[in-house]
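Biologist: Could you take me closely through a single part of this model, starting from its burial and then following its neighbours outward? Please state your cut-offs as you go.

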Amino acid sequence: MTDVLIPTPREAFEMLLAGNQRFVAGSPKHPNQNAARRTEVVPSQNPFAVLFGCSDSRLAAEIIFDRGLGDLFVVRTAGHVMGPEVLGSIEYGVGVLGCPLVVVLGHDSCGAVAATRAAVANGTAADGYVRDVIERVTPSVLAARAAGHTEDADFIAEHTRHTVDLLLARSRTLAEAVDAGRAAVVGLSYRLVDGTAHLVTARGLDVPAVTAS
Ligand SMILES: [Zn+2]
């Protein structure tokens with residue numbers, strides 16, 4: 001790691017949003033996707049963000065944020081549920097690679113959230129390890145129900161917020177980086193129909209609080 005310019009958490013957030021806006025507008029630049037970039041990043045990687053999102057096939061990270069090779073350190077699981085390997089991967093991105101931003105990316109029509117809502121409502125259990133995914137989404141669904149929510153967007157926002165809180169509660173590496181101003185964590189909600197990513201919550205970044213719409 002030599003003289004690499006690491007963006008601030010705010011700069012990283014703005015880079016990410018700018019890419020999403022290009023994608024939404026239908027005018028992507030496809031940055032860092034050519035052979036020159038491929039060669040450039042062989043010696044080392046310096047991604048500007050850790051993207052922890054749902055595995056949903058419609059949420060392809062580099063496409064929806066219009067980025068390329070070496071830009072995003074991506075961790076994705078169904079319903080963005082986390083276990084030790086996920087936490088370790090995110091800590092690697094922040095602690096070792098020095099990413100100034102961690103993004104939790106939820107989305108509407110999330111199958112994991114829908115399945116969990118159904119499991120909670122009907123008292124049913126899923127087969128195999130899908131059950132593990134549903135169990136990890138359950139606290140978010142219970143919290144949203146307790147708050148009286150019925151809309152999909154409110155359940156998605158609650159699960160995204162809950163994931164951000166859990167990440168900071170469980171990872172000391174991340175919490176310390178946020179406290180020191182080296183990193184920020186944001187929760188975004190992605191809308192399938194138009195490709196927009198909306199801010200749900202932020203830690204370590206002074207942005208106006210907005211709710212998913
Ligand atoms: Zn999903």
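Modeller: Strand E3 (101-107) is mostly covered, with 7 of its 7 residues buried, where buried means under 20% relative accessible area, exposed over 50% and partly exposed in between, using a 1.4 Å probe and protein chains only. Strands, like helices, are DSSP runs numbered from the N terminus, of at least two residues (E) for strands and at least four (H or I) for helices. In a regular strand the side chains alternate between the two faces of the sheet. In E3 both faces are covered, with Leu 101, Val 103, Leu 105 and His 107 buried on one side and Val 102, Val 104 and Gly 106 on the other. This is a predicted model, in which local features need pLDDT of at least 70 and side-chain atom pairs count only at pLDDT 80 or more, while totals for chains, interfaces and linings use all residues. Residues are numbered from 1 along each chain as its sequence is written, and side-chain values use heavy atoms, with hydrogens and water left out.

E3 belongs to an open sheet of 5 strands in the order E2-E1-E3-E4-E5, with mixed pairing; two strands pair if DSSP finds at least two bridges between them. Strand E2 (72-77) and strand E5 (197-203) stand at the edges with a single partner strand each, so one side of each is left without a neighbour in the sheet. E3 runs parallel to E1, to which 4 bridges join it, and parallel also to strand E4 (residues 184-190), through 7 bridges. Val 103 appears in both pairings, as the bridge partner of Leu 51 and opposite Val 186 in E4.

The end of E3 leads to the zinc ion, whose protein donors are Cys 54 (SG), His 107 (NE2) and Cys 110 (SG), lying 2.0 to 2.3 Å from it. Donors here are N, O and S atoms within 2.8 Å of the metal (3.2 Å for Na, K and Ca), and water is not among the atoms, so sites may look incomplete. Along the chain the donors follow the spacing C-x52-H-x2-C. Cys 54 lies in strand E1 (residues 49-54) and Cys 110 in the loop between E3 and helix H5 (111-122), so the pair ties together parts that are 56 residues apart in sequence. Both Cys 54 and Cys 110 are buried, as is His 107 within E3.
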